[in-house]
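Please look at the sequence and the structure shown below before reading on. The explanation then leads through the chain step by step.

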Amino acid sequence: MESILKENLFDQVSTKFPKSVEKKSTSSIAQKLLIPFYDRKRTISLEEIVRLEGSGNYTNFFLKDGTRMLVSRTLKEYEELLEGEAFVRVHKSCIVNLGYVRRFYVKKEGELELNDGQQVKISRRRAQNFVDRIRNFLPKL
């Protein structure tokens with residue numbers, strides 16, 4: 001009976017995108033995204049997402065278990081949906097989860113190293129925003 005009640009709470013959805021992308025949130029359950037993947041929708045916890053990469057009208061999700069998912073939504077839509085979360089746009093085509101940043105290299109152009117070993121460039125325009133966000137994020141760790 002208790003699991004049925006939790007599932008009912010989980011079904012309460014606040015959405016910014018009609019029918020295809022939904023953000024689920026309750027106080028007892030970690031925030032999740034409901035995203036279209038092939039012919040079904042898949043629920044993904046925000047903590048599973050390492051980074052998102054945009055490619056035209058598509059977004060690649062890179063998850064911590066190594067899974068890669070291609071979704072037919074723009075990166076801008078996900079940037080708006082994830083605003084205020086632990087995600088920051090570091091480049092025209094990349095959003096990273098601050099929880100997976102291992103190192104930040106200061107060069108002529110900034111570069112990040114993520115926990116999965118991937119290196120991501122930071123555009124000069126977005127570098128200050130990244131530094132501000134990572135400073136605010138670190139005390140939460």
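The paragraphs that follow move from the chain as a whole to its sheets, its aromatic pairs and one loop residue.

The structure is a predicted model rather than an experimental one. Its chain has 141 residues, and buried residues make up 39% of them. The secondary structure comprises three helices and twelve strands. The surface that the chain exposes comes to about 8900 Å², and carbon and sulfur atoms supply 48% of that area. Contacts also tell how the chain folds back on itself. Of the contacts in the chain with a separation of 6 or more, 35% are accounted for by residues 24 or more positions apart.

The sheets may be taken next. One open sheet is formed by five strands in the order β7-β6-β5-β9-β8, with antiparallel pairing. Which strands stand at the edges of this sheet? They are β7 and β8; each has a single partner strand, so one side of each is left without a neighbour in the sheet. From one strand to the next, the twist in this sheet averages 20 degrees.

Within the five-strand sheet, strand β5 covers residues 49–55 and is joined to β9 by three bridges, the two strands running antiparallel. On this border L52 stands opposite I95 in β9. On its way through the sheet, β9 (residues 94–97) is also joined to β8, here by four bridges, and again the strands run antiparallel. A hairpin connects β8 to β9 through two residues. The bridge partner of H91 is C94, in β9.

Strand β8 deserves a further remark. Although β8 stands at an edge of the sheet, four of the five residues in this strand (residues 87–91) are buried, so β8 is largely enclosed by the rest of the structure. A reader may keep in mind a general point about strands: in a regular strand, side chains alternate between the two faces of the sheet.

A further open sheet has three strands, in the order β10-β11-β12, and its pairing is antiparallel. Its edge strands are β10 and β12 (119–122), each of which pairs on one side only. Here the twist averages 25 degrees from one strand to the next. Strand β11 (residues 110–114) and β12 run antiparallel and are joined by four bridges. L112 stands opposite V120 in β12.

The discussion now turns to side chains, beginning with aromatic rings. A pair of aromatic rings is described by the distance of the centres and the angle of the planes. How many aromatic pairs does the structure contain? The count comes to two aromatic pairs. In one of them, the ring centres of F61 and Y78 are 5.0 Å apart and the planes stand at 90 degrees; since planes over 60 degrees apart count as edge-to-face, this pair is edge-to-face. F61 belongs to strand β6 (residues 58–63) and Y78 to helix α2 (residues 75–81), so the pair ties together parts that are 17 residues apart in sequence. Both partners can be placed relative to the surface: F61 is buried, with a relative accessible area of 0%, and Y78, at 0% relative accessibility, likewise counts as buried.

The other pair consists of F104 and F130, whose ring centres lie 5.2 Å apart with planes at 45 degrees, so this pair is tilted. It links distant parts of the chain, since F104 lies in strand β10 (residues 101–105) and F130 in helix α3 (residues 124–137), 26 residues apart. Is each of these two rings buried or partly exposed? F104 is partly exposed, with a relative accessible area of 34%, whereas F130 counts as buried at 1% relative accessibility.

An aromatic ring can also be accompanied by a charge. R51 lies over the face of F62, at 3.8 Å from the ring centre.

The last stop is a loop residue. T74 is found in the loop between β7 (68–71) and α2. At 23% relative accessibility, T74 counts as partly exposed, because buried means under 20% relative accessible area. Which residues does T74 touch, not counting those up to four places away in sequence? T74 touches G56, N57 and T59. In addition, T74 and G54 are 20 residues apart in sequence, yet their C-alpha atoms are 6.6 Å apart in space.

How values were computed: Residues numbered from 1 in each chain as written. Predicted model: local features only at pLDDT ≥ 70, side-chain atom pairs only at ≥ 80, totals over all residues. Heavy atoms only, no water. Phe/Tyr/Trp six-rings, centres within 6.5 Å; stacked < 30°, edge-to-face > 60°. Buried < 20%, exposed > 50% of the residue type's maximum accessible area, 1.4 Å probe, protein only. Lys NZ or Arg CZ within 6 Å of the ring centre and 35° of its normal. Contact = heavy atoms within 4.5 Å. Areas by Shrake-Rupley, 256 points an atom, 1.4 Å probe, with all protein chains shown as cover. Pairing = 2+ DSSP bridges. Axes fitted to C-alpha atoms, helices over the stretch in contact; angles between N-to-C directions.
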